[in-house]
Amino acid sequence: MDAKVADALHNLRVFEKTDVGFSEKTFDLMVKRGYITDKTAVQERELTGRLAGLLHKDAKRHAKSFVFMVTYDCNFRCPYCYEAGISGNGRHWTKRTFTKELVDRAYQAMSEIAPDNEKKNSIITLYGGEPFLKENVDIVTYIVKKGQELGYVFDAITNGHDLDCYTEVLSSGAMRHVQITLDGMKDMHDSRRFHYQTHKSFDKILSNIKLALDNGIMVGVRFNADANNFGEIKKLQDIFAETGFSDSKLFSFNTAMLSKENSDTKDTDIDYFSREKFNQMYAESGLTVPHQDYGVYDKVITALKNKTCIRFRSIFCGVQSGSYILDPYGDIYTCWDTVGKPEYVLGRYAPAVEFNDRVANWQGRNIANTPKCSCCKYALLCGGGCMAKALKYGGNFNASYCDGYDDIVNFAVNKAYNNAVKDKIFMI
């Protein structure tokens, strides 16, 4: 838009077609798009609420997703990990691991929870703890073989340390994608994400990334950034270029922000970011590595490229439409930020599927019944924020979790606009 239109939108509250300082054609276009409206604020919220309900209903029609929490045990001692929050359960408690009987029961439970095959996602995610502990090769192999027979493929969230013990699984054709975290170059990474015995992990992980790629498995490397390790992002990029990882279509690299709100650990050497500071440093660094913006950049750049509307949503993620995590105790959770905490259990799948009333709370929430969201201009982009964090800091299912969303939008939209101009998607 030109300056006259921008000034009018910033400065006027009541718009008359004949006295706005820009053309009637532009006026009519803005009315058509809803930028200028004759609805009251109450009517706008009612319209947003109806749209939110429709979007939520549509999301619930999608396939249910399932995660196997193979074990709560882990061979790393990362200072910011959620496991610090469940350490009070005791060391023995975390050692529980899936058995073959429980695996069989988990697959049966999936059919009971989503009896229509079209309503089950064909991808099962393996999670932990650390799902690929070397001592768990037999049970993970059993999970994958049985799942493969039933038509499933697998993703995994893993630290990558013991992947070389899983050559049969990696070469089976059943593994689709693994997410592995590196927090910097060797010295930095090994000071934060270290094996409990060797206190090292970087070199072995790098080798295992190659192993996974060589087996045709997609590898997404995640970098957990704080103020101490931010400068390592570019160095890792260079390493990935030198190793040839960056040349592979199977390889991706992205960063996420470590925030104090996301950690259950009180005393660490992590220098946590604010969202504003993270985005500021990113912008000043000139980094091109994708970073955590909850999909805003992709939505905007896709809309610009395809000349379509931005995709709306009324929920933040799949926990509000049908996500189920099955753990080695027979419990069902919906969010991997809440596993191991009894107050977040949705029910049980062993010996039988039973749900409690928390399911309705998790799957009933959208921006329309979240008071702070119902009148927020970002609501249909944000979806109300992470429910686990909203519960942790807001205390109830009607709370929201903004996570600096205004700053995320500002950063992502400007990035999308600049890239659209640079790539000549449109001209200015």
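Which residue in strand 4 is the bridge partner of Ala156? In this predicted model, that partner turns out to be Val178. The two strands involved, strand 3 (residues 153-157) and strand 4 (residues 175-181), run in the parallel sense and pair over 4 bridges. Strands of a sheet hook up through backbone hydrogen bonds, either parallel or antiparallel. Here, 10 strands build an open sheet with mixed pairing, lined up in the order 6-5-4-3-2-1-7-8-9-10. Strand 6 (251-257) and strand 10 (354-355) sit at the edges with a single partner strand each, so one side of each has no neighbour in the sheet.

Helices come into the picture too. Helix 10 (residues 232-243) lies across strand 5 (218-225) and strand 6, and runs at about 170° to strand 6.

Aromatic rings also meet in this structure, which holds 25 aromatic pairs. Take Phe230 and Tyr282: their ring centres are 5.9 Å apart and their planes are at 80°, so this pair counts as edge-to-face. Phe230 is in the loop between strand 5 and helix 10, while Tyr282 belongs to helix 11 (residues 275-285), so the pair ties together parts 52 residues apart in sequence. Both residues are buried, and they share one aromatic cluster with Phe273, Phe278 and Phe411.

Finally, there is a helix-helix contact to look at. Helix 12 (residues 296-306) packs against helix 17 (residues 405-422) at an angle of about 35°, with the axes 8 Å apart, and the crossing is right-handed. Residues meeting there include Val300 and Leu304 from helix 12, and Ile408 and Ala412 from helix 17. By class, this contact has 12 nonpolar, 1 polar and 1 charged residues.

Note on methods:
Residues are numbered from 1 along each chain as its sequence is written. This is a predicted model: local features need pLDDT of at least 70, side-chain atom pairs count only at pLDDT 80 or more; totals for chains, interfaces and linings use all residues. Side-chain values use heavy atoms; hydrogens and water are left out. Axes are lines fitted to C-alpha atoms, for helices over the stretch in contact, and angles run from 0 to 180 degrees between N-to-C directions. A crossing is left-handed if the near helix is turned anticlockwise from the far one by less than a right angle, and right-handed if clockwise. Contact means heavy atoms within 4.5 Å. Ala, Val, Leu, Ile, Met, Phe, Trp, Tyr, Cys and Pro count as nonpolar, Asp, Glu, Lys and Arg as charged, and the others, Gly among them, as polar. Two strands pair if DSSP finds at least two bridges between them. Rings of Phe, Tyr and Trp (its six-membered ring) pair if their centres lie within 6.5 Å; planes under 30 degrees apart count as stacked, over 60 as edge-to-face and the rest as tilted. Buried means under 20% relative accessible area, exposed over 50%, partly exposed in between (1.4 Å probe, protein chains only).
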